[in-house]
Amino acid sequence: MEYLIGIQGPDFVLVAADNVAASSIIQMKHDYDKMFKLSEKILLLCVGEAGDTVQFAEYIQKNVQLYKMRNGYELSPAAAANFTRKNLADYLRSRTPYHVNLLLAGYDEADGPGLYYMDYLSALAKAPFAAHGYGAFLTLSILDRYYRPEMHRGGERFILNLPSFNVRLIDREGIHDLEKLTLASFL
Amino acid sequence: MASAEYLDESPIEFGQIRVVQSSSAMPSQDSMEPTFSLPIGLPLSSSHSVPLPFPMSHGTTTLAFIFQGGVLAAADTRSSCSGLVACPAAQKILPIHSHLVGTTSGTSADCALWKRILARELRLYQLRHGRRLSTGGAAKLLSHMLQPFKGTELSVGGQQCFGRERSGPSLYYVCSDGTRLKGTLFSVGSGSPYAYSVLDQGVQWGLTVQEAVSIAREAVFRATYRDAYSGNCVDLYHITSKGWTRRNREDLKEEGVHPQWRVSFSTLTVETARE
């Protein structure tokens with residue numbers, strides 16, 4: 001099952017996604033990147049039904065870039081999140097709803113870091129930490145217990161039965177790739 | 001002149017069922033709304049599901065992988081129709097142009113049709129823009145053309161293989177449910193789990209052409225041995241920077257139960273592509 005997690009710190013947002021692209025029982029790819037870069041400081045993480053994820057995420061990605069080309073400045077994370085939500089909601093009651101669960105993470109110069117949780121019914125919530133997937137059942141309770149808003153980098157640990165994760169961090173300077181976590185790194 | 005207009009049309013207009021009328025016109029800019037107006041969205045699929053006459057599945061084994069000598073694609077040749085072998089000599093690997101080959105899985109008619117549509121669109125792209133579309137672009141084009149039919153029980157599972165040009169060999173997996181993945185090894189069809197187990201063991205970058213061919217044959221053979229819907233012969237295509245070459249179709253009947261290979265490449269005849 002696919003898994004996404006995001007944690008907001010005082011001046012950064014940390015996001016991680018698993019790397020598996022599966023088709024029923026067969027793992028088609030084990031190094032699949034589920035994060036879509038909307039702008040220099042906004043990442044969209046997308047899981048859900050096979051073709052819908054890429055179609056919807058790329059649609060949002062191209063439109064955010066188009067906004068920047070038309071208007072000369074980028075959308076803020078809050079605006080991007082609301083735009084995404086509006087699109088998802090518009091398609092929800094059409095004949096082709098998109099079954100995708102999203103996390104949108106970004107850093108705004110004025111508002112600081114922000115993490116937005118969105119599900120396939122286009123419910124949007126800004127949250128200090130969020131997760132999607134079966135792994136969410138386990139990690140959310142851990143985060144509930146141990147999360148502190150002033151947590152600094154390096155304080156995160158989680159264990160799941162997925163082979164590897166992509167981890168990225170967004171802060172004032174932009175998006176940074178952290179090391180790709182594999183099961184071996186926890187042993 | 002009719003042909004000039006034809007050349008100017010966008011490829012995405014073809015073959016799609018739309019409720020909304022043509023979306024290529026930009027919304028007018030004279031409204032008081034800010035310039036960030038919602039563009040007309042993704043194409044909608046408006047066709048209701050037509051019940052199929054009988055249940056269909058991907059009764060096939062196709063595989064493709066990249067190695068140092070280019071890309072190798074292999075497939076069985078059995079075309080099945082829920083328990084009946086409709087054709088023991090079907091062709092599941094269809095060349096699209098001299099450097100692009102696609103494998104098919106799922107409904108044969110759908111796959112053949114969409115491969116032809118893709119070949120047409122790639123040729124039009126080449127005429128319009130003066131260069132060939134990359135494999136990734138071709139895969140994306142196919143994926144977008146199939147997107148309106150999602151949920152209508154169209155069944156296309158295909159891979160595109162491209163020989164070494166510009167950026168090296170590449171392999172994409174495209175499926176009618178919208179999946180599009182870039183990778184180095186894929187197998188599609190009901191026999192794919194069996195093929196995967198053989199391929200995962202043996203495929204590495206540094207294989208010679210002969211070793212790669214023998215692994216591909218072994219994988220298809222193993223899959224046809226176990227899977228009822230795969231069988232008969234094996235087709236092999238090898239794609240390099242010079243184009244694709246087709247190995248002679250080989251019957252797997254004589255292989256028998258033992259996996260010892262009587263590899264006799266001297267008897268293979270090789271057809272080279274003519275542009």
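**Exercise 1. Find the acidic partner of Lys37(A) in this predicted model, and describe how open each residue is to solvent.**

Step 1. Begin with Lys37(A): its relative accessible area is 39%, so it counts as partly exposed.

Step 2. Look for a carboxylate. Glu40(A) forms a salt bridge with Lys37(A), and their closest N and O atoms lie 3.5 Å apart.

Step 3. Check the partner. Glu40(A) has a relative accessible area of 45% and is also partly exposed.

**Exercise 2. Work out how Arg222(B) and Glu218(B) are placed relative to each other in chain B.**

Step 1. Locate both residues: they sit in helix H5 (residues 209-226) of chain B, four residues apart.

Step 2. Recall some helix geometry. An α-helix has 3.6 residues a turn, so residues three or four places apart point the same way.

Step 3. Apply this to the pair. Because Arg222(B) and Glu218(B) are four residues apart in the helix, about one helical turn separates them.

Step 4. Look at the contact itself. The two form a salt bridge, with 3.0 Å between the closest N and O atoms. Glu218(B) is buried, at 16% relative accessible area.

**Exercise 3. Decide whether Arg246(B) and Asp235(B), which meet in a salt bridge, are buried or exposed.**

Step 1. Note the distance: the side chains meet at 3.3 Å, N to O.

Step 2. Place the residues. Arg246(B) belongs to strand E12 (residues 243-246) and Asp235(B) to strand E11 (residues 233-240) of chain B; the pair is 11 residues apart and links distant parts of the chain.

Step 3. Use the cut-off: buried means under 20% relative accessible area. Arg246(B), at 17%, is therefore buried, and Asp235(B), at 0%, is buried too.

**Exercise 4. Describe the surroundings of Thr60(B), which the unreviewed UniProt entry annotates as "active site".**

Step 1. Find the residue in the fold: Thr60(B) is in the loop between helix H1 (2-8) and strand E1 (62-67) of chain B.

Step 2. Judge its exposure. With a relative accessible area of 2%, Thr60(B) is buried.

Step 3. List some contacts. Leaving aside neighbours within four places in sequence, Thr60(B) touches several residues, among them Asp76(B), Lys92(B), Ser105(B), Gly189(B) and Tyr229(B).

Step 4. Pick out a polar one: the side chains of Thr60(B) and Lys92(B) make a polar contact at 2.8 Å.

**Exercise 5. Which residues of helix H3 (residues 134-146) of chain A are buried, and what do they pack against?**

Step 1. The buried residues are Gly135(A), Ala136(A), Thr139(A) and Leu143(A).

Step 2. These pack against strand E1 (4-8) and strand E10 (129-132) of chain A.

Step 3. Now turn to the surface: Leu138(A), also in helix H3 of chain A, joins Tyr134(A) and Phe137(A) in a nonpolar patch with about 410 Å² of accessible area together.

Note on methods:
Residues numbered from 1 in each chain as written. Chains lettered and ligands numbered in written order. Predicted model: local features only at pLDDT ≥ 70, side-chain atom pairs only at ≥ 80, totals over all residues. Heavy atoms only, no water. Helix = DSSP H or I, 4+ residues; strand = E, 2+ residues; numbered from the N terminus. Buried < 20%, exposed > 50% of the residue type's maximum accessible area, 1.4 Å probe, protein only. Contact = heavy atoms within 4.5 Å. Polar contact = N/O pair within 3.5 Å; in protein donor to acceptor, adjacent residues only side chain to side chain. Patch = residues over 30% accessible without salt bridge, like charges linked within 9 Å, V, L, I, M, F, W, Y side chains within 5 Å. Areas by Shrake-Rupley, 256 points an atom, 1.4 Å probe, with all protein chains shown as cover. Salt bridge = Lys/Arg side-chain N within 4 Å of Asp/Glu carboxyl O.
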